[in-house]
Each structure stands twice: as structure tokens, then as C-alpha cells.
Amino acid sequence: MEMTSVSLKRGCLVVEDNDSVTPHEETKKQKVSEGCVTNSPDGVESDSLHSSETKPGSPEAESTMKDGENSGAQVQEEEEEEEEEDGLSEAGEEEEPESFADMMKHGLTELDVGITKFVSPHQGFSGILKERYSDFVVHEIGKDGRISHLDDLSVPVDEEDPPEDALTVLTAEDRQQLEELQLFKNKETSVAIEVIEDTKEKRTIIHQAIKSLFPGLETKTEEREGKRYIVAYHAAGKKALANPRKHSWPKSRGSYCHFVLYKENKDTMDAINVLSKYLRVKPNIFSYMGTKDKRAITVQEIAVLKISAQRLAHLNKCLMNFKLGNFSYQKTPLKLGELQGNHFTVVLRNITGTDEQVQQAMHSLQQTGFINYYGMQRFGTTAVPTYQVGRAILQNSWTEVMDLILKPRSGAEKGYLVKCREEWAKTKDPASALKKLPVKRCVEGQLLRGLSKYGLKNIVSAFGIIPRNNRLMYIHSYQSYVWNSMVSRRIELYGLKPVPGDLVLKGATATYIEEDDVNNYSIHDVVMPLPGFDVIYPKHKISEAYREMLAADNLDIDNMRHTIRDYSLSGAYRKIIIRPQSVSWEVVAYDDPKIPLFNTDVDNLEGKPPPVFASEGRYRALKMDFSLPPSTYATMAIREVLKMDTSIKNQTQLNTSWLR
């Protein structure tokens, strides 16, 4: 299960991250529908673009947006026609002659997105964050402050549940016919299943299986030509399909089954799509508090409407890299943003720092923390950063928006995207360029579809075909770029202490630090605004710096309302320094680079003994544990420890060797 890793002269590659945004961390003064950072219905910002800008196509470069940075608490239902096209994206594609390292020469560095400062004076050292599941583990911290763990696979005892045999008694052909009947996909009004071993017990199990697995269907026993059949049919016609689960759900049981999902190498929405296909339900009946990383082991709570724990537990027998457990029935679903954060367990292998350097770095992280920058994955990995598109939207420069998204670009991209861009540059024909895309759900495909429908003279409407939260991601990226740049400037001018004119939050309201009460605050209280029409700016030199930066981009800081309401920015506040909680660490010696250096929840469930370390070994690793609040980037904490640039571009130029 080894994944891509990067060895660096100094620093490590952290391609993935697990970050979340909630309304509690970045305080809003406006309703969410008008907010700048949280424009989704649940008050959680979206960074989950299915686009070359966040998923450039190279496995090594793939950067997905993380915990909570998705478009809603429920998974969007996929369009059937596009689902059929999915999976074709890499078929028949030839490898690009240019190496990944060469392609990434065109990517962004931290300097490009305003990330320039550190808080600790310690000397940096190198290490490897191997992209192994066992080296990057994320546990969600729920709204009650408890860390989610998978430690119980038992199913709650419920007399209403069918026997275990009910889940295996139907053949694949039976299931297909019943599903088609349930969804009115065939002309038949019933499905008859022959009872091979005709006993009352066997008939009962088949009745229970059909009613449990295909809500909305009724059953009866019939005798035909000396043989017994269980006949399934719709009792209440098509109206029964509107909410089929209500027909078989016990009234005494909470409507939602909550469970802990342990997963490897899947992001949350992909995982839910897999679960929904196996359960034959729509993905939008699932809810969660935040999305989690793909390239990691992650553990989080999920809720699903009227699916029994027994059915969910059965999936443990047929799904790879998933485990479901800790089942309970509750009256309410989960809401995006309700989490308190995430707990990380991270291993940095083959470190070069002395014990003293490691202690200095970790003590600083524990006591002071790190600058709360937006991480590199916020801005894309190709030569066209997402914040440039956001800036063009805010400027009402719609031709530039179209060109930035569709024009050919340097950097790591899938072959079909390269061909699509070349076709667009050559013909400016959206239909022709669209034919080059086997997967049309990406941003480029959605925009081209819009241009085909509305024409090149109505780019605003064409762009509007892209899902709302994906569109807003671009302007959030611009806000993040401004915020990073201004925080670097603030720390350069005033250091790591509060000064008169800084902003702090009192409840949800930002107020100024006055000269006579500056000693009542620490740097951990100071916030800075993301630009918008409903925030105030510091009363010192940074206020003018904001104004100058936006003016240089032809934007008026005093008028952040847009002619299109969706793109009006109300603004938000964000703490400039984050101090992780529950920080612990140890340096361990090991000889085999492939052995796991700590147990996962599944290892513990299987009774696997924890790894035993020798007092000496060929290599040393730093094992770190820490908890972060929502809206913070684990990569930025690791950056502070190692004192390195987290951009893929920088690391491919630091004598990087990609290992498969």
C-alpha cells in the first residue's frame, strides 16, 4: 500500500491535507448566502473543484481539497449520462514525454501565494512524508470534542431487523429484477422468485430480504404448477417510491443511522458514492460534518437516512479499504461544519535533524504554533493559479475568466485536457473542444458545455453552469491569496506580538486593540480580515497595504459588492496564528522503510501488536500527533517544523526523486 513519496534535501512533500472550514472559526457577520468564505448553504466553503487546477492529472501532483471544503453536507447526485462516461479518463492515454519534474517547473511556489514567514527561530531539517496510508492518519473531532475512532463492529440488537441470512438469500439476478421493479424500470408489475428449498423458514427469509433490501415492495406467496413462488409487487403504486424507506422503518427507531467510517485512499464523497451504489440508494441521503483526505487513512462520522446498521455492517464483507462500525440510531442527521477539528498522526521518515533541533521545532509548535496560512492546494498546481480566475471574476473580466480556465497551460495535466485546450486555442469552438474530453464533469467540460448552450457572447451564463460552490472557490482563492500576503506583511512589520490597531474578536464582532489594553491580548487573539464589504481593516499600516493590493488588481476595497450577487464578498475574519492542541511527538529508529510505525484503528481491532522499535536503526523518524481546529492546514504546521516550502514546484527542484 505504498504510495508516492518524495525525498528532499530539506523538507518533505505534503501533497495532501485535511482541512475544514466552519462558521465558528471564520466568523461571519452576514448571512451565509451573502458570505465570502462560506457561500454554501451550510456555511462551509468549497474547494472541491473537479478541475485540472486542483487535480492536474499526475498522481504525484494530485491535490484534493479537504475536510469541510466541499460544496454541501450531502453528496450531489451524479448525472447518469456522465456517470457512464466516468472511468474513461485515462483509457488509451499515452504518457507525456515531459517528466513530472519538468512539468512542475511551471507550478506555483509559496512565494507566489504570499507564504513567506515562519514563527520559530529554530534551524530547519529534512524528512520524508511518505504518501503511505500508515504515515498520515486523520481522526475527526466531533462537536462534543471526542475524537472519532473505529473500535466497535457490533450491530445494535434490534428485533425489527431481518436475520443475517436475508442479506445473502437473493441471487444477483433476483436483485437486479427486484431493483428494476422497485424503480419502475421494467414493464412488469411483479417479480416471482421460486423457492428452491421450500420451507416456511426459507420463505420467511426471502420475504424479509425483499422488504428490507427493496423498500416500497410488498410480497406474497403463490403456488404455480406445483411450485412455490415469492411474488414481489408495488403495494401503493408509484407514490410508494417517493419515500420508500418509510414503509419498512420501525417508528420506535431514530430515522438516522450514525456510523464511523474508516477509509483508505478515497475522499469522503467518493466513498459515499461507493456506499450508495452498493446499497442502491441515492447519495444525498448521507450526511457528514466534513470531507476527508484521499491519500490517507481517515476516520469520521457519517449519518444515513433509514438504512439499518445491519445492512451497513454487511458492507464490511464486500468492500476493500473501508470499514464501518460504531453504529447508533439518532433522530437527526449530521451538518457540515459541526466538527471541532481533526486530530492528525503524521510520520516524517528519515529525518536529518538532531534531537535538539527536533525538540526545538516541536516545542515551538506546541507553545507558539504556526502561521495560519491557506495551504498550497488552495491555489492549484498548474501555471494558472485559481486566484487569478477569482480576480478576473471580481473584475467582471469574463473573457479573461474563460481564457484562464480553457487556454493551454504549462504544468502537469492529463493528456485529454491538453488536447482539449489545444483544440480550444485552435478553433474557439466549444463543441469541438468538448469532444476531446471523455470526462465532462470537470470545470473545463462544464464551461464548454455552457458556452455551447449560451454562446461566446454570454460567458456569464455559460460559467453559471459550473456548480455554485465550484464557482465560488475561485473568488475564495483570491481572498486567500490576499489574506496570506497581508499576514506575511503584518508579521514582517510588527512581529509576533499584538499592537494597537490590530483586530480581535469579541463574540462575532471584530474590535480594535487600543493602546492601553494591548497587554491584555496575545498574538493568538489577533485576527485579520478576508476582504469584503462587511469587514473592518486594521488601524495601522496594513490597512493601506490591503487597499494598495486590491487597487493594483483594479478592485475597490470600498466596493466589494458585485453586479452578480453570488460574487459579492461580505468578508470574514481569520486568526493569524494557530496553536495546535494535544501535541506530542517521539523520535523512533527503524531499519525497514516500509514498516508501519504505529497501529491504525483496524490494526487494533484485529489485535495486531503495536510496532516495537530498536534503540538504534538505519533511519530515524519523527512521529507527530496534534489536533487542529477547522479551517487550518496540516501542511502549514509541518512546514513550520521542517522550515521548508510545501509547494510541489519547489520540491521537484530540490533534487526530488519520485518513488512508486
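# Helix packing and backbone details

The buried residues of α12 are covered by several elements, including α9 (398–406), α10 (415–427), α11 (430–434), α13 (459–463) and α14 (468–494). Helices (H or I, at least four residues) and strands (E, at least two) are DSSP runs numbered from the N terminus. Buried means under 20% relative accessible area, exposed over 50%, and partly exposed in between (1.4 Å probe, protein chains only).

The model is predicted, with pLDDT of at least 70 needed for local features and 80 or more for side-chain atom pairs, while totals for chains, interfaces and linings use all residues. Residues are numbered from 1 along each chain as its sequence is written, and side-chain values use heavy atoms, without hydrogens or water.

**The chain**

The chain holds 18 helices and 19 strands. It has 660 residues, and 58% of them count as buried. Contacts (heavy atoms within 4.5 Å) often link distant parts of the sequence: of those between residues at least 6 apart, 79% join residues at least 24 apart.

**Helix α12**

Helix α12 covers residues 443–454, 12 residues in total. From first C-alpha to last, α12 reaches 16 Å, close to the 16 Å expected. The expected span is 1.5 Å times one less than the number of residues. Buried in α12 are Val 443, Glu 444, Gly 445, Gln 446, Leu 447, Leu 448, Gly 450 and Leu 451. Just past the helix, Gly 455 adopts a positive phi of about 90°.

**Two helix pairs**

Axes are lines fitted to C-alpha atoms, for helices over the stretch in contact; angles run from 0 to 180 degrees between N-to-C directions.

| Helix pair | Axes come within | Crossing angle |
|---|---|---|
| α10 and α12 | 12 Å | roughly 30° |
| α8 (386–394) and α9 | 8 Å | roughly 165° |

α10 and α12 are therefore roughly parallel (under 35 degrees). α10 passes α12 in a left-handed crossing (near helix turned anticlockwise from the far one by less than a right angle). On the α10 side, the contact is made by Leu 417, Cys 420, Arg 421 and Trp 424. α12 contributes Glu 444, Leu 448 and Leu 451. By class, five residues in this contact are nonpolar, none polar and two charged.

α8 and α9 are therefore roughly antiparallel (over 145 degrees). Their crossing is left-handed. From α8 come Gln 388, Val 389, Ala 392 and Ile 393. From α9 come Trp 398, Glu 400, Val 401, Leu 404 and Ile 405. Seven of these contact residues are nonpolar, one is polar and one is charged. Ala, Val, Leu, Ile, Met, Phe, Trp, Tyr, Cys and Pro count as nonpolar, Asp, Glu, Lys and Arg as charged, the others, Gly among them, as polar.

**Helix α5**

Helix α5 (residues 268–279) has 12 residues, and its end C-alpha atoms lie 16 Å apart, in agreement with the 16 Å it should span. Nine of the 12 residues are buried, so α5 is largely enclosed by the rest of the structure. They are Thr 268, Met 269, Ala 271, Ile 272, Asn 273, Val 274, Leu 275, Ser 276 and Leu 279. These residues pack against four strands and a helix: β6 (256–264), β7 (286–288), β8 (297–305), β9 (322–330) and α6 (309–314).

**Positive phi outside glycine**

Asn 321 is not a glycine, yet its phi is positive, about 65°. Asn 321 sits in the loop between α6 and β9. Its relative accessible area is 33%, so Asn 321 is partly exposed.

Lys 643, also a residue other than glycine, has a positive phi near 60°. The loop that holds Lys 643 runs between α17 (634–642) and α18 (648–653). Lys 643 is buried, with a relative accessible area of 10%.

Technical notes. Angles under 35 degrees count as roughly parallel, over 145 as roughly antiparallel, 65 to 115 as roughly perpendicular and the rest as oblique.
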